[in-house]
There are 2 protein chains.
Amino acid sequence: MSLIVVGTMAFDAIETPFAKTDRVIGGSATYVAYAASNFVQPIQQISIVGFDFPREEMKELEERGVQLDGVKVVPDKKSFFWSGKYHLDMNSRDTLITDLNVLLDFDPVVPESYQTAEFLMLGNLDPKIQLSVIKQMKVRPKLIVMDTMNFWMEVAMPGLEEVLKEVDVLMLNDSEARQLSAQFSLVKAAKEIMKMGPKYLIIKKGEHGALLFHGDQVFFAPALPLEEVFDPTGAGDTFAGGFMGHIARTKDISFDNMKTGIIVGSAMASFCVEKFGPQRLKEISRADIDNRIQQFVELVNFDIELV
Amino acid sequence: MSLIVVGTMAFDAIETPFAKTDRVIGGSATYVAYAASNFVQPIQQISIVGFDFPREEMKELEERGVQLDGVKVVPDKKSFFWSGKYHLDMNSRDTLITDLNVLLDFDPVVPESYQTAEFLMLGNLDPKIQLSVIKQMKVRPKLIVMDTMNFWMEVAMPGLEEVLKEVDVLMLNDSEARQLSAQFSLVKAAKEIMKMGPKYLIIKKGEHGALLFHGDQVFFAPALPLEEVFDPTGAGDTFAGGFMGHIARTKDISFDNMKTGIIVGSAMASFCVEKFGPQRLKEISRADIDNRIQQFVELVNFDIELV
């Protein structure tokens, strides 16, 4: 029941209204792996890093059941680096620096040992890379989930349309869903996007929760109301990791089980925002996770008795 | 188990990106009454109207169990009139005209026949008027709920603070909660506001749902994802009406029953936005309401099995 995770492993510099860090571990695949490995192992990672990516981080990932055969280390280049500054509402941010570095050479090869994976999570990347990974799989995974972003809608729409036809679940945020569908209503947006290929659509609304669409069905999960959001970086990828981890653990790809996956993902994301980088994800125990999931149950649970 | 509703009965002119009406029935007490009367009767209305308020509307309200003894009709003045224009996102609007008219003379007298009411809903009004109604009650109602708005925080803060000490539940929207508490985090805002008097706080987030706070407990209800929002006017008052109607019908003021009340209120609000004014609220049957509530159950219901 292994899970392949494709995405970046990187460094981030982050400034929020309350704190600042010049260099912290980041990258979509890093967050997905730290979140998902709580639920399923091995995680079969596909990424690329430079000479500067810490060996201790690699070791820590391996200790959590993350296989790194698919992570290429480029000896003479630096790792991908992103720098951003959050606005006061913590919901929007400006990108200050994007140093692609090794990412310019990213042409992933799926290791032979990954070929039996049943689940595939494609982090936000050039759609060509996402498609290349899908095409390399000799047996189509049971469930292919992908993330993307507005940038690819602007510069690589034909490639994006091509990969959308090949995936089961698309994850994006509300503004991206509106841009991709040219619809303001998220219900209408979901209908348009599901015509493009994905049978399931997850729209992430940050502090306003997440929606899961499938045919005429819809499920909503709130974000946990928090006193403090310290750093939202990686929350979307951590959500994806929790979701995929739950699905891969249970091997159940029904709509009902995806609902549970979204609650698990939301719980994991609520930890991620408590500290810079994946730090908080490294600290939490399974009991912490269970307690947090229980908070979600209490947050939305109600009894209705119609008269 | 009667319910007193205090608020405006008015005319609105509304422009949305999709439609326009020059004159439609409006007012907080109108929406509350149409929503609540589905669940509990009589509704004991306290308001003020001018010579121009339609007799047919009064008759229709009476047929739905709304008592109008507390509604003063001023023969030589016009009814309160509000005109507003919604922005493209339907979440924000500009007020174009506010003709107070009869509202300038609003000094409500609680009729003797209302004195046994167990539930009191104070719509958004000058805090002095809200306090005056509370003081007139010879026996304190079992539950007093009030709505307010940013305007009163700006021009009548001492009066607002005074009435806040006398109510059980405060309802306001997210930006108003932030303004009242001077806190950006809604969790922190809720803690500050509950120190001001209300033991329960409902924060309405429009299309992003509603939060109920009480001590350290929190409950979240989503808004129903809709293909189209035709006109959001009155949705907050309709939500209040559904909430109060449910509480007054069940006579149960526990946190758990308030959660259900919020779902009922959200269901009623989802009808309100489908047409101009309270039109849609007049058309729906009890079966329509039950079906809509069932949609909320399906929207948020999930099974979790921790391993």
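These are my notebook entries on a predicted model with chains A and B.

**Entry 1: how the copies relate**

I began by laying chain A on chain B. The fit has an RMSD of 0.0 Å, reached by a turn of 180° with a shift of 0.0 Å along the axis. The two copies are thus related as by a two-fold rotation axis. I then looked for the C-alpha of chain A nearest that axis, and it belongs to His208(A), at 3.0 Å. The contact surface is shared too: 100% of the contact residues of chain A recur in chain B.

**Entry 2: the sheet of chain A**

Next I traced the strands. In chain A, 9 of them make an open sheet with mixed pairing, in the order β5-β4-β1-β8-β9-β10-β11-β12-β13. Which strands stand at the edges? They are β5 (66-74) and β13 (217-221), each with a single partner strand, so one side of each has no neighbour in the sheet. On average, neighbouring strands are turned by 15° against each other, direction ignored.

I zoomed in on β9 (residues 143-147) and β10 (residues 169-173) of chain A, which run parallel and are joined by 3 bridges. There, Asp147(A) has Met171(A) in β10(A) as its bridge partner.

**Entry 3: helices on the sheet**

Helix α7 (residues 186-195) of chain A packs on this sheet and touches β10, β11 (200-204) and β12 (210-214); its direction makes about 45° with that of β12(A). Helix α8 (residues 235-250) of chain A lies across β1 (3-6), β8 (119-122), β9, β10, β11 and β12, and runs at about 175° to β8(A).

**Entry 4: the core**

I went looking for nonpolar cores. The largest has 224 residues, and Leu3(A) and Leu3(B) have the most contacts inside it. Leaving out residues up to four places away in sequence, Leu3(A) touches a set of residues including Val40(A), Ile43(A), Phe119(A), Met121(A), Met244(A) and Ala248(A). A reminder to myself: in soluble globular proteins, nonpolar side chains tend to be buried together.

**Entry 5: aromatic pairs**

My count over all chains came to 9 aromatic pairs. I picked out Phe302(A) with Phe219(B), an edge-to-face pair at 6.2 Å centre to centre and 80° between the planes. This pair crosses between chains: Phe302(A) sits in the segment after α11 (286-300) of chain A, and Phe219(B) in strand β13 of chain B. Are these rings buried or exposed? Phe302(A) is buried at 11% relative accessible area, and Phe219(B) is buried at 0%.

I also noted Phe151(B) and Trp152(B), edge-to-face at 4.9 Å centre to centre, with 75° between the planes. Here Phe151(B) is partly exposed at 39% relative accessibility, whereas Trp152(B) is buried at 15%.

Methods:
Residues are numbered from 1 along each chain as its sequence is written. Chains are lettered from A and ligands numbered from 1 in the order in which they are written. This is a predicted model: local features need pLDDT of at least 70, side-chain atom pairs count only at pLDDT 80 or more; totals for chains, interfaces and linings use all residues. Side-chain values use heavy atoms; hydrogens and water are left out. Copies are superposed by least squares on the C-alpha atoms of residues with pLDDT of at least 70 in both. Contact means heavy atoms within 4.5 Å. A nonpolar core is a set of buried Ala, Val, Leu, Ile, Met, Phe, Trp, Tyr and Cys residues joined through side-chain atoms within 4.5 Å. Buried means under 20% relative accessible area, exposed over 50%, partly exposed in between (1.4 Å probe, protein chains only). Two strands pair if DSSP finds at least two bridges between them. Helices (H or I, at least four residues) and strands (E, at least two) are DSSP runs, numbered from the N terminus. Axes are lines fitted to C-alpha atoms, for helices over the stretch in contact, and angles run from 0 to 180 degrees between N-to-C directions. Rings of Phe, Tyr and Trp (its six-membered ring) pair if their centres lie within 6.5 Å; planes under 30 degrees apart count as stacked, over 60 as edge-to-face and the rest as tilted.
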